[in-house]
Amino acid sequence: MLSLITISRPYKTNCGLLGLLIIFCQAGCTKFVQLDPPTSAITGKIVFDNNTSAAAAMTSIYGNIASDIDYSIAHGKTSIGYLMGLAADELTNYDPTNQLNVQFYPNALSSISSNGKSNNYFWPLLYNQIYITNSILAGLTNSKGVSASIKSQITGEAKFMRAFLYFYLVNLYGDVPLATGTDYRVNNLLHRSPSAEIYKQIIADLKDAQAQLSDDFLDAFGAKATEKIRPNKSAATAFLARVYLYTGDWANAETSASAVIGNTKLTLETNFNNVFLKSSKEAIWQLESNYVGYNTFDGLYYVLSYGAPGYDPSSVALSPDLVNAFEAGDKRRTNWIGEYTDDNITYYYYPYKYKISDYDETVSPTEYVMVLRLAEQYLIRAEARAQQDNVSGAQGDINTIRTRAGLVNTSASDKASLLAAIFNERRTELFTEWGHRWFDLKRSSNLNAVMSIVTPQKGGSWSPNWAVLPIPLSDLKANPNLTQNSGY
Amino acid sequence: MNITGFLLLAACLHVSARGYTQKVTLSGKDMPLEKVFNIIERQTGYAFFYDFDIFKDTHKVTLNVKDMNLDEVLKACLRDQPLLDFRITNTTISIIRKKTTVAPAQPTIVNRDKDPFDFRGTVTDENGQPLSGATVKLKNGKVAAITDERGDFKLKNINEDEVVEISYTGYILVELPVKKEALRVSLKRATNKLDEVQVIAYGTSTQRLSTGNISKVTSKEIEEQPVPNPLAALQGRVPGLIVTQTTGAPGGGFKVQIRGKNSISNGTDPYYVIDGVPYNSQIAGIPTNDQNAGPLLNPELKGGSPLNFINPYDIESIEVLKDADATAIYGSRAANGAILITTKKGKIGSMRIDLNAYTGITSLARDIKLLNTQQYLAMRHEAFNNDKRKPGPADYDINGVWDTTRYTDWSKIFLHDAGHYSDAQANVSGGNANTQYLIGVGYYRQDMGVPKLLPGVGADQKASAHFNINSSSSDKKFKLALTGSYVADRNTVQTANFSSLRLTLAPDAPALFNPDGSLNWAPLTPGVRGTWNNPYATLLGRCKGNTSNLVGNLTLSYILLKGLELRTTLGYSNSQTDELATAPVSSLDPGLHVTTGISQFNTLNNHSWIVEPQLDYKMELGKGTITALIGGSFHQANNSYNRVFASGFLSDALLEDIASAGSLSPSSSSTQYRYEAVFGRLSYNLQDKYLLNLTARRDGSSRFGPGRQFANFGAVGAGWIFTRENFIQKSLPFLSFGKIRASYGTTGNDQIADYGFLDLYTPTSFVYQGNRGVYPQNLFNPDLAWETTKKLEGALELGFFKDRILIQASFYRNRSGNELVRTPISAVTGFAVIQSNLPALVQNSGKEFVLNTINIKTTKFSWSSSFNLTIARNKLVAFPNLANSSYSTSLIIGQPISILKVYHFKGVNDTTGVYQFASAKGGNTYSPDYYKDAIPLDLTPKFYGGFLNSFTYKGFNLDFAFQFVKQQGQNQFAAFGLMPGMMDNLPEDALNRWQSPGDKKPYQQFSQTSGKASTAFRFVKGSDYAYGDASFIRLKNVAISWELPKNWLKKISLQTCRFYVQGQNLLTITNYKGIDPESQGYGGGPLRVWTAGFHVTL
């Protein structure tokens, strides 16, 4: 112990010396460890300080949902159209190894995957894009360097996209957390908001978007564009029409749909082969895929150009139910459905709305991913009118669509039969587009009736609980306030 | 048997095996005394100390003794030498002049002796080089001095009847009588475990005098193992260190953990330092926290180890630093311990040329038996029958499309060929008193027994160069040391497909080749897509990675005053990896009609520099010695990678030319890391009896936001060598060494990604409407701060019977708080994780035991053993508000942080034939609920260690090493993906399945459709059935060598010549159900290696 006391004095001296060095270092070198951001990235503050990068932040959202072949929700094998088409009665799965297909097809979804990991489905991608819209809106509020017109355009687009993303969340998952800010400490502990509240936010955002977006199609920097790959005012109105329809606000649905139908720049294509081209006259809003060598992933994954469906990429074909749902002489049946016959004379039918499946990077794409198109607006207005007992108005809108398809006018003449006719028409018009069939079955309260027949045929067993997707396990673990949908 | 009991028993066994009195066998006529001493030294290991002039008046001796006790032999030698006597202390024999014979004969001198005088002398090493900083003190502790740069010392006012002790780190302590003439003494390098040099942070020490916990692995141990990565050589040799090989593929990764997992979800890599230069623990560009997200192309090499680019043969020693005392001086980076690698240095002497070369073969150490075609087809048919279905159009394996009479053992085709291993090294070294040098070159090549279609692929090759120059000015004040290592590695191993594919590919899958030699895709009709993915297709593409790695270090030092040295270390390291992977059209199914191939080009670069000025001061204070160190550290590391995905090539021949691509899709990342620190250390050594060591460091890291960059760390270590106390020496004579030491201190962890606190936006890889987007990469988080680990350690070190038995028992408790983690957060926030500090407390505690024994030591035969054992436990001590946190379902207070929540398996329901699990509601269910039914499962090893033995008989040497681990791990369920019954092959024991009601079987019914069976199968992989005992005992290494006798060597003019055979991973004893209990994946784990080679010194 003596030795310990002996050394205490020199230690103090040494501490003094060390202290001096520390002071020297603090004064002189603190800057040494303060680095500029890396050369390959910029900070949020800089992003929203000028037009170019602020617009680029908005651009990333469109690309994120359309340009990634492994995650796109807009087209291809991970899209809402494809997977919800499998979940409903539109598509038949032929690939037993595709993990997503084997879950969606027999309605055997789970929040936990076979290896114990979280099954996330569309959830993280949708919320990640919502976070970007929220950070754009927050960033623009405090920004000084972005010009007023660009600020207005980006704000409008961001609000439109936020509404668009929430629309799919609420329809796929039911009540969901409503995040409108960027603070993770808040968002990580959100409770689920009732669907009605989500719709309220969607409608408010779409109205703001209507007010701030231009009538014209613009590019990222506000210049007029020929391509319709950023939403404009019509897109906001058209989407608002759909939202009103889904919320049962028939009058507003009709008004909004009428506004879009009345837009003289939009007309129904008479040639069915032109509907899904990037030059389509009935396109209200499209997405550019821009994945080198390909047109759309729907073309890649649906068209059976190399043989019978089996393994990737050709894993699915149209269900016989859907093919049989077309009336004789329907031009959509002949133009939008392809056929493949194998050696055993088995017929396979595939969605052929998008025609180009081959990889060819020497040719620039001619097909874009359709998100909103005029035909849907006629069907929205027909339904809104039928619900308001406007029989002739509804008939007129249905017949517009039927006439184009080469079919005779509808025989439905009362509300109930009109609604049935409209849902049939929607089935054959909008098949494999953005999950319309699944949502329509839910809206028309036919989901349980249809699926309790279809699911067992697909090798699964149906429960009314399967109307919504499971909340990802990782989210439930992370947020104690989040609850799982019943049955999962 | 409990551990203490075992150790005691082991100690007793060794004691009874061999007494402690040294025996000498010697015969010769008229031998000079000096020669006799040399012989005794060689036979006993005891070192002699004497002044050369004592031989002046000695007689030659004639001896003929056999197995005579050492002291008797010495007495016999000195019987006729009237002036000499001897004294044995520990393992040194001092020859001294007899006073009794002198004093009465010359009474006048007695008076003169009583006059105090100044005692002067010079201390040198074996080569006559001055040792500066050696301690010279009187044995009574009254006066002490340290030597200056010329090795000179002076003790004032000394009497002639005193005895001095002279000591220097890493050298044998010597006791000599004081005399009037100037003393010239050369110290001998210690070869015993207690006194050999240990490299510590910014200095050196010995086990005897250290206050910290340091384990050393020597170049001999490394060289005996045919491994390309030095980390592999540490397995089973260092208590508290777990090294896990994740794959057997050459160039594959390693997981390294010192004393458990401190961080809930962050980096657990130790801090690597090579000759003073910090070295990356992860391949550049791979975030430390996500080993699967790296840019490396070859999936097998993901998380590959940067230590692959260090040549094991260049290493002199590896020191593993564990406790606070040893690591606190590295501050914020040493929470997970530190691994110091010291490379070989040149030594004084004429030019010495070392040649070492070996070659051998490798094979899978363990494997699993799979179903043959007959069994496989029966399994498939049974599955369809169970499902009451018929095979579909895509069930090619049984619907008649594939030839069901075919049988291919894919394991045999893909993996069972022998691989080859070769290694050749050449070193030239030498030097004079002022300058020493070493130049080494090496070449290594290893390939794996996997199929190859292209020439020159499938191998890992390394060419390396290493040099070292040490030079000093003639006055020895200025010194310079320059060290550099360069490794060029070329890895063309591509195995990932094969190790997993061979397990699952149907045994009746089609032939690989068509009769014309082209790849067989087995299409239904020509021109359409094939019915399988030909596994050889990837072999037509190239996959190669070239890495060059440079580590350079320059140390300059100048002795300003006696005991005060100014030293500056300048280090630079640069690692560059270029990777290429191609997929030519020829490798694609022609039915896909793809017309152009694709390539991917990767470039990873890491370069870093470090400047560390230091001031060292050593002085006597009171009866002891004080050593002070003060220094600063400035470090910068730049990491970057560029990745280009190229497509649209005009021809397959141009796939490696990026300029020929039709389109390019690049992505890149560039990050910088800066770090600075001031540090100080103060050590006090009182008579080699009481030791105290104080450390302090103040650190700043660029990984944290403004205001949070700096933090303080420090440690206290103390030791008491109680065997230096007289009462212990008297009462416990068999105890040759005893030390109690303890340390406490803080270290930190900043192993998170750079810029973690900034909200960064990165450009998108795609272009939309002609423009690139930018998207947020992470959430803004300005509050990120240090994670701190408080380390407490106590240890007892004992040496028995002149240190022939050495025992070290350490007890530690590390507590980590302010946990820096990637906290999983709800995706509603936009992201899945956020980097943040968590107010949780994680505890790692354990006991480490090391037992080193020299069991037998005779002139011809010796046997020594080393045993180490670590018993560790990890525990989450506190977690405020755990129930409402993101971790509420993954962590449990009181349980290890690495627990998994799994379903509890309850066997196969004998009625339904599907797996069932315990339900919290009571009873069993086939679809359990994660929140209610999952139970914790601990995967941290319970205990682990190694047992090493070394035998020498004449020129023969046999070393072998066992490694053992007691742990739970993921079993074969990890390797097999699809539900049994689907189109995937299975291990043979899958046949032990349920078939009809009433069957009691371990595996559920075969099925290939969705239903109860598939639901249950989905859960079984997350149940405790998919985990089990993964303990193993592995014969890690066997090395047998034979050294040519000296007289043979003379004839062929060689200094040494040794032939050897070495084996690695030769035998694994385990109950593990799966391929390899260590790697636990689909790969085969560490390869079995057999090599033979030679080592000659010219």
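These are my notebook entries on a surface patch and some strands of chain B, looked up in a model that is predicted.

**Entry 1, a charged patch.** I looked for charge on the surface and found a positive patch formed by Arg120(B), Lys154(B), Lys156(B) and Lys562(B). I then followed Arg120(B) and saw that this residue lies in strand β6 of chain B, which covers residues 117-124. Its relative accessibility is 44%, and because buried means under 20% and exposed over 50%, Arg120(B) counts as partly exposed.

**Entry 2, an enclosed strand.** Next I turned to strand β21 of chain B, residues 338-343, where 6 of the 6 residues are buried, so this strand is largely enclosed by the rest of the structure. I noted that Ala338(B), Leu340(B) and Thr342(B) point one way from β21(B), while Ile339(B), Ile341(B) and Thr343(B) point the other way, and all are buried.

I also looked up the partners of β21(B). Strand β18 (residues 271-274) runs parallel to β21(B) and is joined to it by 4 bridges, with Tyr272(B) having Ile339(B) as its bridge partner. Strand β20 (residues 315-321) runs antiparallel to β21(B) and is joined to it by 6 bridges, and here Leu321(B) has Ala338(B) as its bridge partner.

**Entry 3, an open sheet.** Last, I looked at an open sheet of 3 strands in chain B, which come in the order β44-β45-β46 with antiparallel pairing. β44 (905-908) and β46 (924-925) stand at the edges with a single partner strand each, so one side of each has no neighbour in the sheet. Between β44(B) and β45 (residues 915-918) I found 2 bridges, and Phe905(B) has Phe917(B) in β45(B) as its bridge partner.

Notes. Residues are numbered from 1 along each chain as its sequence is written. Chains are lettered from A and ligands numbered from 1 in the order in which they are written. This is a predicted model: local features need pLDDT of at least 70, side-chain atom pairs count only at pLDDT 80 or more; totals for chains, interfaces and linings use all residues. Side-chain values use heavy atoms; hydrogens and water are left out. Patches are made of residues with over 30% relative accessible area and no salt bridge: like charges are joined within 9 Å, nonpolar side chains (Val, Leu, Ile, Met, Phe, Trp, Tyr) within 5 Å. Accessible areas come from the Shrake-Rupley method with a 1.4 Å probe; for residues, only the protein chains shown count as cover. A salt bridge is a side-chain nitrogen of Lys or Arg within 4 Å of a carboxyl oxygen of Asp or Glu. Lys and Arg count as positive and Asp and Glu as negative; His and the chain ends are not counted. The place of a charge is taken as NZ of Lys, CZ of Arg, CG of Asp or CD of Glu. Buried means under 20% relative accessible area, exposed over 50%, partly exposed in between (1.4 Å probe, protein chains only). Two strands pair if DSSP finds at least two bridges between them.
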